[in-house]
Amino acid sequence: MSYDCLRSVNLFSFHSKTQTKMAEERQNLLDDEGDTSSSGPRNESGPVRPMSALCDPKRLPHRIFVLLFMCFLGFGSYFCYDNPAALQTQVIQDMKLNTSMFMQLYAWYSWPNVVLCFLGGFLLDRVFGIRLGTIIFALFVCVGQIIVAVGALLDLFWLMEVGRFVFGIGGESLAVAQNTYAVNWFKGKELNLVFGLQLSMARLGSTVNMNIMGWVYNRVADLVGSTGHTTLGVSLMIAGVTCIFSLVCALVLGFLDKRAERILNKEQGGTGEVIKLTDVKDFPFPLWLIFIICVGYYVAIFPFIGLGQVFFIEKFNFSPPEARAINSIVYIISAPASPLLGFMVDRIGKNVIWVLCAVVTTLIAHMMLAFTFWNPWIAMSLLGVSYSLLACALWPMVAFVVPEHQLGTAYGFMQSIQNLGLALISMAAGSILDNKGYLFLEVFFCACVCLALIAVVMLYFVDYLRGGDLNLSASARAKLLKGSNSDSEVERHQRVSLQTEEKLAKLRPMSAFGLRNRYLSRLGAQLPDQYCTHLSSLAHRSVLK
């Protein structure tokens, strides 16, 4: 008995010393964390100077600095995507094409993304990671644009089509990477505004393209001495410089994201959840309605802009420079309007209502262009505002309906369906224009927008029946997000506390009473139920009695 008591005392002494040592180590860790938070990172020689706001990934100035490269990531892709629209008459004349063949340049851009956009999102989530994937897609954009330019130089239209195919492999997947970067850095922090700024800078590339490529072509023609496929090829090669600029942004963005991961000690991608391609069948119904809105809306915008220059020349008797200017007004308006409208959506909320307003306004604009001879600047200005508003309100809704580990796949699938629609509608638009004219083409675009309108109305009612999460006001969404974060924090503290108690239970010494009963049970003695030795708390209370 005295041996058991002595052993118990020794174990209790050991446990006390262990607890004291653990407390000291915990205090040292807290002191180190305090030094790190107040004095910046430490190295072997002690604390160093604190990071400036521009260098600290947790602070707003650094995130704004990252956003700058994030926005310019798609500049080159958007600039070169609409090279055919900016040079519509030149491409058709120099390469000896009809409208249907001309629209194949847009169709070949879209076809690979019917599959690769979805796979691009999956590769970003599970294979390459966001950083390497972005660089690879930016390289595809650069190589594709070079092939297009070489095809024009050699007067080989099939090679230009191959180049647009390669360009398309990287172009839309790069947009998926851009969206995923935005959500990773800004989720819950002015996400609508960030999407608006990204669209603004990307469309700045489209605007510059629309208004400068005609001038570039004329300057090259002056140097070469005549127009033709050689002049066209050199002009397209000059345009490829913007793709190299976007590649540089991808490299810088990858470095900054890697640095933030190291400083913040977080995993790339964040959740660690396993994603499968079969998860697509589990996407919620509101997400499929968002996909339909995306397709129905954008197929009435991009193919129209691709064919708009000749439309304004033929119907409104504009000169080519005037036609290029008005054809670019959608992009000119979207550049400054997108961040402003994104800020407005952030402050007000009600995303579904804003999408509904954008679709209705777009339908009105197309009907004005189709059935009236009013000044087209009015309709195109409405089109520019509604285009910007829809982008700011529609794309962030994806992050509201799918878990974070599926965002890349969801955005990729959204782009895939959009590109399937664009490929089909581009070919259909070229055929309708060759056979029926612009009036039938505008009626066709109005029908596409009506499809989007039906999907928006359905989304409103479906979301209303499910609790109205997509159409929450900004203040209600902030409260919901705050409550979710608080619940997660409580769960984390409870989990840590439980793990700590389990570890301490393993170190807690047994009392003399418990040791004796364990010894007797191992000898085969039958003990009463109230003396069950695995209940250390019961044994401790028995000793106290």
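# Exercises on a helical chain

Arg219 and Asp222 sit three residues apart in helix H10 (residues 191-224), which means about one helical turn separates them. Helices here are DSSP runs of H or I with at least four residues, strands are E runs of at least two, and both are numbered from the N terminus.

Quick ground rules before we go on. The model is predicted, so local features need pLDDT of at least 70 and side-chain atom pairs pLDDT 80 or more, while totals for chains, interfaces and linings use all residues. Numbering starts from 1 along each chain as its sequence is written, and side-chain values use heavy atoms, with hydrogens and water left out.

## Exercise 1: the salt bridges

Find out how many salt bridges the whole structure holds, and which residues pair up in them.

*Solution.*

1. Set the criterion: a side-chain nitrogen of Lys or Arg within 4 Å of a carboxyl oxygen of Asp or Glu. The background is that side chains of opposite charge can pair when their charged atoms come close.
2. Run the search over the whole structure, and two salt bridges come out.
3. Take Arg219 with Asp222: their closest N and O atoms are 2.9 Å apart. An α-helix has 3.6 residues a turn, so residues three or four places apart point the same way.
4. Check how covered that pair is, where buried is under 20% relative accessible area, exposed is over 50% and partly exposed is in between (1.4 Å probe, protein chains only). Arg219 is partly exposed at 35% relative accessibility, and Asp222 is exposed at 53%.
5. Now take Asp257 with Arg131, whose closest N and O atoms are 2.7 Å apart. Asp257 belongs to helix H12 (residues 241-264) and Arg131 to helix H8 (residues 130-153), so this pair ties together parts 126 residues apart in sequence. Both Asp257 and Arg131 are buried.

## Exercise 2: two helices and their spans

Compare the end-to-end spans of H13 and H14 with the expected values, then say where H14 bends.

*Solution.*

1. Get the expected span by multiplying 1.5 Å by one less than the number of residues.
2. For helix H13 (residues 285-298), 14 residues should span 20 Å, and the end C-alpha atoms are 20 Å apart, so the two agree.
3. For helix H14 (residues 302-316), 15 residues reach 20 Å from first C-alpha to last, close to the expected 21 Å.
4. Look for a bend, taken as the angle between axes fitted to the seven residues ending at a position and the seven starting there. H14 bends by about 55° at Gly308.
5. Step just past the end of H14, and Asn317 shows a positive phi of about 55°.
6. Finish with burial. In H14, 13 of the 15 residues are buried. In H13 it is 11 of 14, so that helix is largely enclosed by the rest of the structure; the buried ones include Leu287, Ile290, Phe291 and Tyr298.

## Exercise 3: the largest cavity

Which element gives the most residues to the lining of the largest cavity?

*Solution.*

1. Rolling a probe the size of a water molecule over the atoms shows where empty space is left. In grid terms, a cavity is a set of points on a 1 Å grid over the protein atoms alone where a 1.4 Å probe fits but cannot get out, and lining residues have an atom within 4 Å of a point. Points are joined across faces, edges and corners, and volume is the space filled by probe spheres set on them.
2. The structure holds three cavities of 30 Å³ or more, and the largest has about 420 Å³ of space.
3. Its lining counts 25 residues, with Tyr78, Ala175, Leu199, Trp395 and Gln415 closest to the centre.
4. H3, helix H9 (157-186), H10, helix H18 (376-394) and helix H20 (407-435) each give two or more residues. H9 gives the most, with six.

## Exercise 4: two residues in context

Is Glu442 buried or exposed, and what do Glu442 and Ser77 touch?

*Solution.*

1. Place Glu442 in helix H21 (residues 438-465); at 2% relative accessibility, Glu442 is buried.
2. Count a contact when heavy atoms lie within 4.5 Å. Leaving out residues up to four places away in sequence, Glu442 touches Phe304, His366, Leu369 and Ala370.
3. Place Ser77 in helix H3 (residues 75-81), where Ser77 is buried at 4%. With that same exclusion of residues up to four places away, the contacts of Ser77 are Tyr109, Val141, Phe167, Gly171, Leu174 and Ser246.

Methods
On a 1 Å grid over the protein atoms alone, a cavity is a set of points where a 1.4 Å probe fits but cannot get out, and a pocket is an open set with protein on both sides within 12 Å along at least five of seven lines; lining residues have an atom within 4 Å of a point.
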